[in-house]
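Got the structure open in your viewer? Let's walk through it together, starting with the overall picture and ending in a small hidden space.

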Amino acid sequence: MRRTVGIKDVAQQAGVSVGTVSNVINRPETVARATRERVQEVIARLGYVRSESARQLRAGASRIMGLLVLDMGNPFFVDVARGAERTARAAGLGVMVCNSDSSPDEEAEYLSMFVEQRVRGVLVTPADATGRDLSLLRRHQIPYVVVDAVVEDGDGRGACSVSVDDVIGGEMAVAHLIDQGHRSIAFVSGLGHDRPQIRDRWAGACRAVAAAGLPPETMREISTDRLDVSPGADAVASLLGLRKRPTAVFCANDMLALGVLQALFAVGIKVPEEIALVGYDDIEFAAAAAVPLTSVRQPAVEMGRLAAEMLVRETMAEEDAEEHVHEQIVLQPELAVRESSRRRLAP
């Protein structure tokens, strides 16, 4: 059986790169005349015909980009979606937004649906921190970019990603509280350390404690089963039950922090006079809280924009997918200081 002639065969025979052959086919005006004619002669001689089905399998048959996030109830992911949608629309694409609800099982179902729908590519914040489910996309040659995390895809291979340096974020949050005089700080973590983002924020918090020359017990952890308002409120009972009440609380995200703030108000504890509070993400509601919330700002819209741009570049390219080089972009967080942590304790 005769082997199908591919774009690599044309490039080899013509003595040019795969990208040059692609330009001759799609953008001939960008290639020098002599090179263009040589490539066209090889195409005619070898009988090369571009495989539209292969191109669609690699780039996605539809004009739809999939976006799978952990929790659409969290405004952080709404902002990520906003940034991605703007970029996709500028490229003539639509975005199908799905919510895994932090469930690896639901994540696997949505990824299978994306494969069935032959989406052009996928932006995903993995619910399974191992990245195991992402190998499905690779097997079906569907490009993807990981958002708000850096993971391997289950076979030990990396992936394109856009994330924030959460170690730095956790460090700046707790360093701020230490600067305000706090020496007893609780970390409301949410999901224990199942998420690499949470582990990194805890690691940064501990690094700030060590840098200040304070003992490790300066930081104590309260774990919750989710990362939203209700578990944050529930965590206050555990917080107040500690043998020595903390003077400050650092929460793994703003939704938890808003729940903590709500519950502290309910039991008559003033913020920041009795307990200072810092969140993470700097969602829109943080600044509008009853006590404006100090928070570590993640550039969520920018993350969505950059991730979508990376995906568009990969899916629009005609070069062989194996030539694609994965890129990991790590953005830097900022600390937005507001009333919830501004009271400095007496030394």
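## A walk through the fold

Of the contacts in the protein chain with a separation of 6 or more, 72% are between residues 24 or more positions apart. Keep in mind as you look around that this is a predicted model. The protein chain has 347 residues, and 51% of them count as buried. In terms of secondary structure, you'll find 13 helices and 12 strands in the chain.

Let's begin with the sheet. Six strands form an open sheet in the order S2-S1-S3-S4-S5-S11, and the pairing is parallel. At the edges sit strand S2 (94–99) and strand S11 (328–331), each of which pairs on one side only. Going from one strand to the next, the twist averages 15°.

Now bring in the helices that lie across these strands. Helix H6 (residues 104–117) lies across strand S1 (64–69), S2 and strand S3 (121–124), and runs at about 155° to S2. Helix H13 (residues 300–316) lies across S1, S3, strand S4 (144–147), S5 and S11. Its direction is about 170° to that of S5.

Zoom in on the S11 edge next. S11 runs parallel to S5, and 4 bridges join the two. If you want one pairing to click on, try valine 164, whose bridge partner in S11 is leucine 331. The side chains along S11 alternate: Ile329 and Leu331 point to one face and are buried, whereas Gln328 and Val330 point to the other and are not.

Step across to S5 (residues 160–164), where you'll find serine 163. Is serine 163 buried or exposed? Its relative accessibility is 5%, so serine 163 counts as buried, the cut-off being under 20%. Leaving out residues up to four places away in sequence, serine 163 touches Asp148, Ala149 and Val150, along with Met303, Ile329, Val330 and Leu331. Two of those names, Ile329 and Leu331, are the buried side chains of S11.

Another buried patch is in helix H2 (residues 18–26), where Val18, Gly19, Thr20, Val21, Ser22 and Val24 are buried. What covers them? Helix H1 (7–14) and helix H3 (33–46) are included in the cover over the buried residues of H2.

Next stop: glutamine 197, in helix H9 (residues 196–211). Glutamine 197 has a relative accessibility of 7%, so this residue counts as buried too. Not counting residues up to four places away in sequence, glutamine 197 touches Thr125, Asp148, Ala149 and Asp166. Take the partner alanine 149: it is 48 residues away from glutamine 197 in sequence, yet the C-alpha to C-alpha distance is 6.9 Å.

That pair leads straight to the last stop. A search of the whole structure for cavities of 30 Å³ or more finds 1. The volume of the largest cavity is about 40 Å³. Which residues line the largest cavity? Ala149 and Gln197 do, together with Pro126, Ala129, Val151, Arg195 and Pro196. By character, the lining divides into 5 nonpolar residues, 1 polar and 1 charged. Arg195 is the charged one, because Arg counts as charged.

Note on methods:
Residues are numbered from 1 along each chain as its sequence is written. This is a predicted model: local features need pLDDT of at least 70, side-chain atom pairs count only at pLDDT 80 or more; totals for chains, interfaces and linings use all residues. Side-chain values use heavy atoms; hydrogens and water are left out. Buried means under 20% relative accessible area, exposed over 50%, partly exposed in between (1.4 Å probe, protein chains only). Contact means heavy atoms within 4.5 Å. Two strands pair if DSSP finds at least two bridges between them. Axes are lines fitted to C-alpha atoms, for helices over the stretch in contact, and angles run from 0 to 180 degrees between N-to-C directions. On a 1 Å grid over the protein atoms alone, a cavity is a set of points where a 1.4 Å probe fits but cannot get out, and a pocket is an open set with protein on both sides within 12 Å along at least five of seven lines; lining residues have an atom within 4 Å of a point. Grid points are joined across faces, edges and corners, and a volume is the space filled by probe spheres set on the points.
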